[in-house]
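Hi,

Here is the model I promised to pass on. Have a look at it first, and my notes follow below.

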Amino acid sequence: MAKYNVTYSCGHEGTVQLFGKADARDRKIKYYEEYGLCQECYKKQKQEENAKLGFLIGGSVADTLSEKGEIQICLSFAGDTLPHKEEIKALGYRWTAVDASQMAYMHKPDMGWVKVVPYEHLEEEKEKAFAIGAKEAEISDRELANQKERYQEMLSEQRIYKRNLRKKAPRDTSENLEKQQMYEEKLRSLCPVEPDVIRGKYWNEKVYGKAGRYSIYPDSKRFEISDEEATALKKYLSDRAEYRKTKKKMEEEGFVLPAWA
Ligand SMILES: [Zn+2]
């Protein structure tokens with residue numbers, strides 16, 4: 001390995017580290033001098049390209065199912081993202097390496113803002129991106145065909161996933177049917193209904209004070225409640241926790257969640 005001084009095509013000088021045989025090094029140096037840009041000019045060129053590209057949102061079918069067996073979409077922003085960095089972060093995107101094969105519309109696919117969501121959330125997530133000024137990235141016919149093909153592949157993976165899940169499911173013994181029923185009844189009895197004092201409001205799930213002078217802060221405003229209301233709120237929280245725990249347990253044991261749960 002050795003360092004070489006080169007004059008890039010932009011006229012600026014720099015050093016490059018090269019490995020390999022002498023003639024291969026010479027070829028690389030020649031390439032840098034003919035086509036290469038110094039770091040500053042490369043950055044500038046990239047920014048100009050991005051500005052020209054505009055602020056784009058695009059999505060492609062991810063090549064893995066979610067843990068729950070959902071087909072997923074890999075959403076990413078491209079182009080002039082810098083001025084929107086904070087908004088993008090607030091939407092839950094992460095700055096990460098992007099898979100070039102999935103990002104056909106990006107100029108130099110390397111790093112990007114990415115978020116993976118279930119397919120059902122695609123439209124909702126796109127709307128959020130449009131709301132901060134992004135435009136939908138154009139997609140070529142060929143890429144569209146690729147996407148459709150990948151979607152079909154994921155559908156068949158999903159069928160396999162579901163089949164395996166059924167294999168894991170408890171057999172239809174009378175014991176298991178009873179257990180299913182027991183679980184459903186438990187869920188029904190726990191089914192949490194928001195008490196009136198917090199319904200439709202934001203509540204931090206805390207009850208302040210003591211017997212005779214309880215209060216809560218729905219929508220951040222102090223509100224006095226009776227002892228009965230305080231008891232009901234505490235029961236609501238513990239029922240809800242138990243309800244969620246029961247649902248999780250059912251899923252883990254392979255029982256079917258009732259449609260209303
Ligand atoms: Zn330069």
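Before the notes, one cut-off: a residue is buried if 20 or more other C-beta atoms lie within 10 Å of its own, exposed if 12 or fewer, and partly exposed in between, with C-beta atoms placed from the backbone. Helices (H or I, at least four residues) and strands (E, at least two) are DSSP runs, numbered from the N terminus. With that in hand, strand β2 (residues 13-18) lies largely in the open, because the number buried among its six residues is zero.

Some housekeeping. Residues are numbered from 1 along each chain as its sequence is written. This is a predicted model, so local features need pLDDT of at least 70 and side-chain atom pairs count only at pLDDT 80 or more, while totals for chains, interfaces and linings use all residues.

On confidence: pLDDT is the predictor's confidence in each residue, from 0 to 100. The protein has a mean pLDDT of 88, with 95% of its residues at 70 or more. The stretch to watch is residues 102-109, where pLDDT stays under 50. The model still has 19 contacts beyond four places in sequence for residues 102-109 (a contact means two C-beta atoms, placed from the backbone, within 7 Å). Where pLDDT is low, the predicted coordinates should not be read in detail.

Now the overall picture. Seven helices and ten strands make up the secondary structure of the protein. Its radius of gyration is 28 Å, well over the 18 Å that the globule rule gives for 261 residues, so the protein is more spread out than a compact globule. (That radius is taken over C-alpha atoms, and the rule is 2.2 Å times the number of residues to the power 0.38.) Along the principal axes, the C-alpha atoms fill a box of roughly 80 × 55 × 40 Å. Buried residues come to 15% of the 261. Of the contacts with a separation of 6 or more, 59% are between residues 24 or more positions apart.

The protein is divided into domain 1 (2-37), domain 2 (54-159) and domain 3 (174-253); these bounds come from an automatic or database domain assignment. Taken over C-alpha atoms, the centres of domain 1 and domain 2 are separated by 36 Å.

Starting at the N-terminal end, strand β1 (residues 2-7) pairs with β2 in the antiparallel sense over six bridges, where pairing needs at least two DSSP bridges between the strands. Ala2 has Leu18 in β2 as its bridge partner. Five residues sit between the strands of this hairpin, and Gly11 takes a positive phi near 95° there. Helix α1 (residues 22-35) is hardly covered either, with a count of zero buried residues among its 14. From its first C-alpha to its last, α1 reaches 20 Å, close to the 20 Å expected at 1.5 Å a residue (the expected span being 1.5 Å times one less than the number of residues). Helix α2 (residues 39-53) has end C-alpha atoms 21 Å apart, which agrees with the 21 Å its 15 residues should span. Gly54, just after α2, has a positive phi of about 85°.

Which strands form the open sheet, and in what order? Five of them, as β5-β6-β4-β3-β7, with mixed pairing. The edge strands β5 (94-97) and β7 (135-136) each pair on one side only. Six of the eight residues of strand β4 (residues 72-79) are buried, so β4 is largely enclosed by the rest of the structure. β4 runs antiparallel to β3, joined by seven bridges, and Phe55 stands opposite Gly79 in β4. β4 also pairs antiparallel with strand β6 (residues 111-118) over six bridges; there, Leu75 has Lys115 as its bridge partner. Strand β3 (residues 55-61) and β7 are parallel, over two bridges, and Leu56 stands opposite Lys135 in β7.

Last, a few single residues. Glu205, in the loop between α6 (174-190) and β8 (208-210), has a positive phi near 65° without being a glycine. Asp219, in the loop between β9 (213-216) and β10 (223-225), also is not a glycine, with a positive phi of about 50°. Glu205 is exposed, with 10 other C-beta atoms within 10 Å, and Asp219 counts as exposed with 10 C-beta neighbours inside 10 Å. Leu237, in helix α7 (residues 227-253), counts as partly exposed with 15 such neighbours. The C-alpha atoms of Leu237 and Glu194 are separated by 9.3 Å, with the two residues 43 apart along the chain.

Cheers
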